[in-house]
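Student: I am new to this structure and would like a close look at a single part of it, the place where two helices from separate chains meet. Could you take me through that part carefully and then show me what surrounds it?

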Amino acid sequence: MDELEFRRRLLSDPAARDEDMSLELTLDPAKQQLQQDLLLLDQQIKASLSVPVPPDLADKLLLGQSLLQHKKIRQQRWWLGMAASVMLVAGLVHFRDQIYPWHHDLGGHALAHVYHEAEMLENENASVNLEQVNQLLSDFGGKLTTWPGTIRYARFCNFQGTRSLHLIFNTEQGPVTVFILPKNHGLPNTDDFSDSLFHGRSMQLEKADVVLVAGLQQTLAPMASRLYQQLQFQI
Amino acid sequence: MSNKQIRYEALVRAFHADLFRYAYWLCHHRSVAEDLVQETFLRAWKSLDSLQEASAAKGWLITILRRENARRFERKQFDYQDVEQDWLEDEQSFGPEQTYENQQLHRYITKLPEEYREPLVLQVLFGMTGDEIAQSLELNLNTVNTRLFRARHQLRELILQSPATGASQHG
């Protein structure tokens, strides 16, 4: 090993202890001296490089991590909450058909409301007077000038977000349910419809849609024509 | 405390001081160095699972820190540009235990080219071998050895030229 190579190796790593280097060092006290100088220099370099470390750095680092962890858990919880909400909504949508049979047209809705107020169909003694009915009808701009029979029930109800008037008229054949809906109800019209107990018909008047529902053995035509004549709209 | 947290705390305790010093010698600024170490350990926490062996931890953390430092230049080039060029001496960095010679040497180390200083820090401060340094800095071993040689050679020259140190050596 020549002098230059020895210096190159010693200066790149004064602490190196391979065989070649050890041999060179034993043979030459001057080289040993150089090594001692360089090892001393390294100690001084190390002392100089060892700048003071902020005393609270380790604690800060651990705190930073625990805050990050905390944030992550909160984020996970947020997602968990979100996921639970989505599942709940999905569940409700899925089971909605079983809880509330979903009706996509006017006839279906009308039948559902009839069943919902089925008690009123049995309650023969209930009655409302024409004035009360007209008060409710005035919301649609409608009015019944006269009515030959009695009226059992009159109340607003909600037809999938649309306010409509639910009426039950007494006729010789039995009660007939009539729904008055504003034109913008948004449900597909079904002219005639029926199920195992009831049948119904819808009429499109100029200002409102009217749906009639009665028992299967009852006829709807007389009621329909009478309403057509008596129900007047002012607006 | 989870197993991951125990490992993390051990890493922080074992390496935060040397990493801070290494960061300081990369950026010459204590608060920037502190930020760098914070970023480094947060990244380390996020990918702690990828660290398989404890013996690789040192090199792994250094790699993360170097990457963070490079990112800092992309992000904050304008913030630190003036500091980098004009302000290289930081009196705050001298601890009470540091002698005048050490302070002098500190200045000389500061004057070394970055490419010489960095392997020297890894060798002297972290006790890394030439191969480990080569791996960390993505250089070949010969280049690392040459740079280490030049770093020490330049420091010796500076010390020998210095009147104070020269006098003390002869005295």
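Tutor: In this predicted model, the residues Asp42(A), Ile45(A), Lys46(A) and Leu49(A) of helix α3(A) meet Leu120(B), Val121(B) and Val124(B) of helix α5(B). Sorted by class, this contact of α3(A) with α5(B) is made of five nonpolar and two charged residues, with no polar ones. The axes of α3(A) and α5(B) come within 10 Å and cross at roughly 100 degrees; an angle of 65 to 115 degrees counts as roughly perpendicular, and α3(A) and α5(B) are therefore roughly perpendicular to each other.

This meeting of helices can be set beside the contact between the chains, which takes 36 residues from chain B and 26 residues from chain A. On the side of chain B that touches chain A, the elements giving two or more residues are α1, α2, α4, α5 and α7 of chain B, and α1(B) gives the most, with 10 residues. The residues on that side of chain B divide into 19 nonpolar, 10 polar and seven charged.

From here we can turn to the nonpolar core. The largest nonpolar core has 42 residues, and those with the most contacts inside it are Leu19(B), Tyr22(B), Ala23(B) and Val37(B). Both helices we began with belong to the elements that give two or more residues to this core: from chain A these are α3 (29-49) and α4 (57-99), while from chain B they are α1 (3-27), α2 (30-46), α3 (57-86), α4 (100-111), α5 (114-124) and α7 (141-161). Helix α1(B) gives the most to this core, with 11 residues, and the core draws at least three residues from each of domain 1 (1-90) and domain 2 (98-171) of chain B.

One residue helps to tie these views together, for Tyr22(B), leaving aside its neighbours within four places in sequence, is in contact with Ile62(B), Leu65(B), Val121(B) and Leu125(B). Among these partners, Val121(B) is also one of the residues of α5(B) that meet α3(A).

A second, separate core of 29 residues includes Leu165(A), Phe179(A), Leu181(A) and Leu212(A). Of these, Phe179(A) is touched by His113(A), which also touches Cys157(A) and His166(A), not counting residues up to four places away in sequence. His113(A) has its place in helix α5 (residues 106-116) of chain A, and this residue is buried, with 20 other C-beta atoms within 10 Å.

Key. Residues numbered from 1 in each chain as written. Chains lettered and ligands numbered in written order. Predicted model: local features only at pLDDT ≥ 70, side-chain atom pairs only at ≥ 80, totals over all residues. Core = buried A, V, L, I, M, F, W, Y, C linked by C-beta atoms within 7 Å. Buried ≥ 20, exposed ≤ 12 C-beta atoms within 10 Å, placed from the backbone. Helix = DSSP H or I, 4+ residues; strand = E, 2+ residues; numbered from the N terminus. Domains from an automatic or database assignment. Contact = placed C-beta atoms within 7 Å. Nonpolar A, V, L, I, M, F, W, Y, C, P; charged D, E, K, R; others polar. Axes fitted to C-alpha atoms, helices over the stretch in contact; angles between N-to-C directions. Parallel < 35°, antiparallel > 145°, perpendicular 65-115°, else oblique.
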